[in-house]
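User: I'd like to talk through a model before I set anything up with it. Can you put it on screen and take my questions as they come?

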Amino acid sequence: MLKSARKQERDPEGRMPLVEHLRELRNRIAKGLLAITAVTVVALAYSEELMQFLTRSVPKCGPDVTSDGGNCAIVSFNTLMAPFSTTIQISLVTGLVVASPVWLYQLWAFIAPGLHKSERKYTYAFVGAAVPLFTAGAYLAYRILPVSVKVLISLTPGGSANILSLGDVLDFTLRMVLVFGFAFELPLVLVMLNLTGVVTGRRMAGWWRGVIMGVFVFGAVITPTTDPIGMLALAGPITILYFAAVAFSLINDRRQTRSNPDARLGADDASPLDLTHEAVGAVEPAGASPALPEQATGESEAIRAGRVAAGKVMGG
């Protein structure tokens, strides 16, 4: 009944009215929020295990070990509301991440009907490659977090203790994971720009010096450690992925040029001209056309002379 009612609300061209679009958007948002809420409630029951997992990179002090000179750290709550707010934060982030397939699907199901077939194909490829790349970046960040934390703690002078706020540790961990995850998406963005005809592979290849310099500077700034391990851990894989994107773009440009020579031309670019010489046929004779109006009307020489004489008399 619901499907038939929706079909009746469509216009003759199959388009949905604005009210139906808003109703569908409301239903899909409700489904996404329901999935996030369900996962968040489950995460609340395992909030302690999640905290231990996210703070595993911090070398914690044992019962008989004191935090002196940066050998270990004590993770604590600094305010009365910190345990509650931190638990809610961890559970909500877990709900957003774990329930992402559900709310991303709802978003896609709302947008997909308005896309062309080629645009849907590119979107499927983008999502299919974006998830593994983001996961790889997040996993790499989590693996190098212990090294980063140890380097930072080792800067503590002797006689001083490290008492770290759990909220600060969680913020640092999530920031590193998100930065590494989104940084791994850069080559995918370049590939999508090439597939849509915005950037050619040859132009991307010409950027290699600036891209490598920018990637290593970005890796040095975004990683808090003073040693080159964190910088190389981020810049190295991104550089490899960048050259892989360039290679893919060059192959794609060659394939499109072979199938359509004008495929990579922009709106303001001129297509190549065909300057091949062609044989000229035999010359056809053409009759002489009258050069003067008098000749075209067929007037005789006597009539023209009479007109000239009459003009002279009137002029005299």
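Analyst: Here is the structure, and the answers below go through its make-up, its cores, its surface and its charged side chains.

User: Before anything else, what kind of model is this, predicted or not?

Analyst: This is a predicted model, and the values I quote are computed from it.

User: How many helices and strands does the protein chain have?

Analyst: The protein chain has 13 helices and two strands. Of its 316 residues, 29% count as buried, and the chain exposes about 21,400 Å², with carbon and sulfur atoms supplying 66% of that area. As for contacts with a separation of 6 or more, 73% of them are between residues 24 or more positions apart.

User: Which residues touch the most other members in the largest nonpolar core?

Analyst: That core has 33 residues, and Phe180, Met204, Leu234 and Ile238 are the ones that touch the most other members. The elements giving two or more residues to this core are α6 (117-153), α7, α8, α10 (208-222) and α11 (228-259), and α6 provides the largest share, eight residues.

User: And what does Leu234 touch?

Analyst: Not counting residues up to four places away in sequence, Leu234 touches Phe180, Ala183, Phe184, Phe218, Gly219 and Ile222. There is also a second, separate core of five residues, which includes Met51, Ile90, Leu166 and Leu170.

User: You listed α8 in the big core; why is it described as largely enclosed?

Analyst: Seven of the ten residues of α8 are buried, so the helix is largely enclosed by the rest of the structure. The buried residues in α8 are Pro187, Leu188, Leu190, Val191, Met192, Asn194 and Leu195. Just after α8, Gly197 takes a positive phi of about 85°.

User: What about the loop in front of it, where does Glu185 lie?

Analyst: Glu185 lies in the loop between α7 (166-183) and α8 (186-195). Glu185 is buried and yet has no salt bridge, and the nearest side chain of opposite charge, that of Arg175, is 18 Å away. Leaving aside neighbours within four places in sequence, Glu185 is in contact with Ala130, Leu133 and Phe134.

User: OK, so how many salt bridges are there?

Analyst: The count comes to two salt bridges. Side chains of opposite charge can pair when their charged atoms come close. One of the two joins the side chains of Arg23 and Glu20, at 2.6 Å from N to O, and the other joins those of Glu24 and Arg28, at 3.3 Å from N to O.

User: Where do those partners lie along the chain?

Analyst: Arg23 and Glu20 both lie in helix α2 (residues 18-45), three residues apart, which is about one turn of the helix. Glu24 and Arg28 also both lie in helix α2, four residues apart, again about one turn.

User: Are they buried or exposed?

Analyst: Arg23 counts as partly exposed because its relative accessibility is 32%, whereas Glu20 counts as buried at 3%. Glu24 is buried too, with a relative accessible area of 13%.

User: Switching to the surface, which residues form the nonpolar patch?

Analyst: The patch is formed by Leu92, Leu96, Val97, Val98, Trp103, Leu104, Leu107 and Ile111, with about 690 Å² of accessible area together. Helices α4 (82-98) and α5 (100-111) each supply at least two residues of the patch. Leu92 itself is in helix α4, and Leu92 is partly exposed because its relative accessible area of 42% falls between the 20% and 50% cut-offs.

User: Then what about Ser91, buried or exposed?

Analyst: Ser91 is in helix α4, and Ser91 is buried, with a relative accessible area of 0%. Leaving aside neighbours within four places in sequence, Ser91 is in contact with Thr40, Ala43, Leu44 and Ser47. The C-alpha atoms of Ser91 and Ala45, which are 46 residues apart along the chain, are separated by 8.9 Å.

User: Last one, where is Ser47 and what does it touch?

Analyst: Ser47 is in helix α3 (residues 47-54) and counts as buried, because its relative accessibility of 12% is under the 20% cut-off. Not counting residues up to four places away in sequence, Ser47 touches Thr87 and Ser91.

Key:
Residues numbered from 1 in each chain as written. Predicted model: local features only at pLDDT ≥ 70, side-chain atom pairs only at ≥ 80, totals over all residues. Heavy atoms only, no water. Buried < 20%, exposed > 50% of the residue type's maximum accessible area, 1.4 Å probe, protein only. Lys, Arg positive; Asp, Glu negative; His and termini not counted. Salt bridge = Lys/Arg side-chain N within 4 Å of Asp/Glu carboxyl O. Contact = heavy atoms within 4.5 Å. Patch = residues over 30% accessible without salt bridge, like charges linked within 9 Å, V, L, I, M, F, W, Y side chains within 5 Å. Areas by Shrake-Rupley, 256 points an atom, 1.4 Å probe, with all protein chains shown as cover. Core = buried A, V, L, I, M, F, W, Y, C linked by side-chain atoms within 4.5 Å.
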